[in-house]
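Could you walk me through this model stop by stop? I have it open in my viewer and would like to know what to select next.

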Amino acid sequence: MIPFDTIVRAGTIATAADTFACDIAIRDGRIVALGHNLGRADVVINAKDRLVLPGGIDSHVHFAQPSGEGITMADGFASGTRSAAFGGNTTVLPFCLQEKGQSLRAALRNYHALAEGECYVDVSFHLIVSDPTEQVLGQELPALVEDGYTSLKIFMTYEGLALSDREMLETMSVARETGATVMVHAENFDAIRFLTDRLERASKTAPRYHATSRPIPVEREATHRAISLAELVDVPIMIVHVSNREAMEEIRRAQQRGLKIMGETCPQYLVLTEKDLDQLNMEGSKYVCSPPPRDEASQKACWEGLQQGVFSVFSSDHCPFRYNDPQGKLAPKGRTSFRWVPNGIPGVAARLPILFSEGVSQGRISLNKFVALTSTNHAKTYGLYPRKGTIAVGSDADIVLWDPKRTMTITHDLFHDGSDYTPYEGLAVTGWPVLTMVRGRVVVDDGKLVGEKGYGAYLSREKRGE
């Protein structure tokens, strides 16, 4: 009997802590040995001149999410997880959205049905709480946390999603009692509505005014408020998709005071700016996301946040809509005002190549920091570690081979998603994922899809450790 299913041989392995040379033996989807001269296997993968990294974990993606009347998200679970695999990801965490009047369990039933048999990589769901009734907070949410749905997201903006401060406190309190992790979208809803109304009265309705309607103080104030509410309840929170220095420094100050506040940033805040929204006709709508891209000084601040540990995770906030589509960015109402342009950009496949190139290849962060920001810290934050997020005996064999010297120019066709564009078109990158393996099975090999739809599994997660 051949002892191993697969051996990955002769690569350079990097985890969040170490970089070393050895072979990896895999059996039944798990790593069972690390070392040299491990013997025979059914399949031997030659990783010479390759980096062997834990599979990427993207803990902030939106697939198949209700997006308003007449608007359709570009990715369901099949195209979304396929694109994730092409970008070097082995696990993604999309959001199950509770609509007003709906129970969390009903929302989960519907969302699981959409994912069933459709996934190329592993998935686990966060819960978006939009209607925190007594029933939801008193019974449903605690039971679901016990069932392994251990993270939830609350919004401080968007019609139908924004919670009041009291609702946030009540929801955070349940998270505190149950051991759930809270993610917060921090923008001031009233300020955005006030600025949007004022811009529309002045006939400033083009996509570029989306950025004007959500300036830095809107994000800074909400970040400070979210931190203050979390401090009152004594609950850890993750401030997601931070775009600028002022919000980043609110998080840093809280961390310096000993509060359990975490931060996340995304590729759009490292390589895009608000100038990208200022294009002819509706082209700028391709870059409409919230918070919007800022300026070069904000990009520098986001790099500082990554380098100095203020941001512990780097996610895509993949939220895809087709551009040339009346159910996407060119929705008829969106032509009348930026207010109605579907909010979000695709990025699940671009996340890792952009951070590797701009970060590791250009010397801004170490290879080990890259692994921490893109995989290990996601697993630790959201209850998947050490099953996911590292290369160690007993961990799932979620492994990605990288060619650190391969130069590529990003084009949409590389990403195999459901959208019809990438906001990163034309960006030159150095370093590229050339093989993606999920639990011992190769899903993407040198730009070709070889995995089966439906192989991706749903992951129940642990509660955060106190």
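Here is a tour in several stops, and please keep in mind that the model is predicted.

**Stop 1: helix α4**

Begin by selecting residues 165-178, which form helix α4. At 1.5 Å a residue, its 14 residues should span 20 Å, and the end C-alpha atoms are indeed 20 Å apart, so the two values agree. Now show the side chains of Met 168, Thr 171, Met 172, Val 174, Ala 175 and Thr 178, the buried residues of α4. Turn the view to look down the helix axis: these buried residues fall within an arc of 155°, so they line one face of α4. The general reason is that an α-helix has 3.6 residues a turn, so residues three or four places apart point the same way.

On the face turned away from that buried side, look for the exposed residues Arg 166 and Glu 177. To see what covers the buried residues, add the surrounding elements, including α3 (134-146), β10 (151-155), β11 (181-185), α7 (216-233) and β12 (237-239). Before leaving, click on Gly 179, just after α4, where phi is positive at about 85°.

**Stop 2: two helix pairs**

Keep α3 on screen and add α2, residues 104-115. The axes of α2 and α3 come within 10 Å and cross at roughly 40°, which makes α2 oblique to α3. On the α2 side, select Leu 104, Arg 105 and Leu 108; they meet Val 136, Glu 140, Leu 141, Ala 143 and Leu 144 of α3. Colour this contact by class and you will find 6 nonpolar, no polar and 2 charged residues.

Next, move to α8 (residues 245-256) and α10 (residues 296-307), whose axes are 9 Å apart at an angle of about 25°. Angles under 35 degrees count as roughly parallel, and α8 and α10 are therefore described that way. Arg 245, Met 248 and Arg 252 of α8 make the contact with Ala 301, Glu 304 and Gly 305 of α10. By class, the residues of this contact are 2 nonpolar, 1 polar and 3 charged.

**Stop 3: two buried residues**

Is Gln 268 buried or exposed? Select it in helix α9, residues 268-271: with a relative accessible area of 0%, Gln 268 is buried. Beyond its sequence neighbours within four places, Gln 268 is in contact with Cys 289, Pro 293, Ser 316, Asp 317, Ile 345 and Tyr 424.

Then go to Glu 358 in helix α12, residues 351-361. Glu 358 counts as buried, at 13% relative accessibility. Leaving out residues up to four places away in sequence, Glu 358 touches Val 271, Trp 303, Arg 364 and Leu 427.

**Stop 4: backbone details in the loops**

In the loop between α9 and α10, find Pro 291. A cis peptide bond joins Ser 290 to Pro 291, with omega about -5°. Asn 281 is also found in the loop between α9 and α10; its phi is positive, near 50°, in a residue other than glycine. Asn 281 is exposed, at 69% relative accessible area.

Another cis peptide bond joins Tyr 385 and Pro 386, with omega about 5°. Look for Pro 386 in the loop between α13 (367-381) and β15 (399-409).

Finish at Arg 439, in the loop between β16 (428-438) and β17 (441-445). Arg 439 is not a glycine, yet has a positive phi of about 45°, and at 17% relative accessibility Arg 439 counts as buried.

Definitions and conventions: Residues are numbered from 1 along each chain as its sequence is written. This is a predicted model: local features need pLDDT of at least 70, side-chain atom pairs count only at pLDDT 80 or more; totals for chains, interfaces and linings use all residues. Side-chain values use heavy atoms; hydrogens and water are left out. Helices (H or I, at least four residues) and strands (E, at least two) are DSSP runs, numbered from the N terminus. The expected span of a helix is 1.5 Å times one less than its number of residues. Buried means under 20% relative accessible area, exposed over 50%, partly exposed in between (1.4 Å probe, protein chains only). The arc is that of the directions from the helix axis to the C-beta atoms. Contact means heavy atoms within 4.5 Å. Axes are lines fitted to C-alpha atoms, for helices over the stretch in contact, and angles run from 0 to 180 degrees between N-to-C directions. Angles under 35 degrees count as roughly parallel, over 145 as roughly antiparallel, 65 to 115 as roughly perpendicular and the rest as oblique. Ala, Val, Leu, Ile, Met, Phe, Trp, Tyr, Cys and Pro count as nonpolar, Asp, Glu, Lys and Arg as charged, and the others, Gly among them, as polar.
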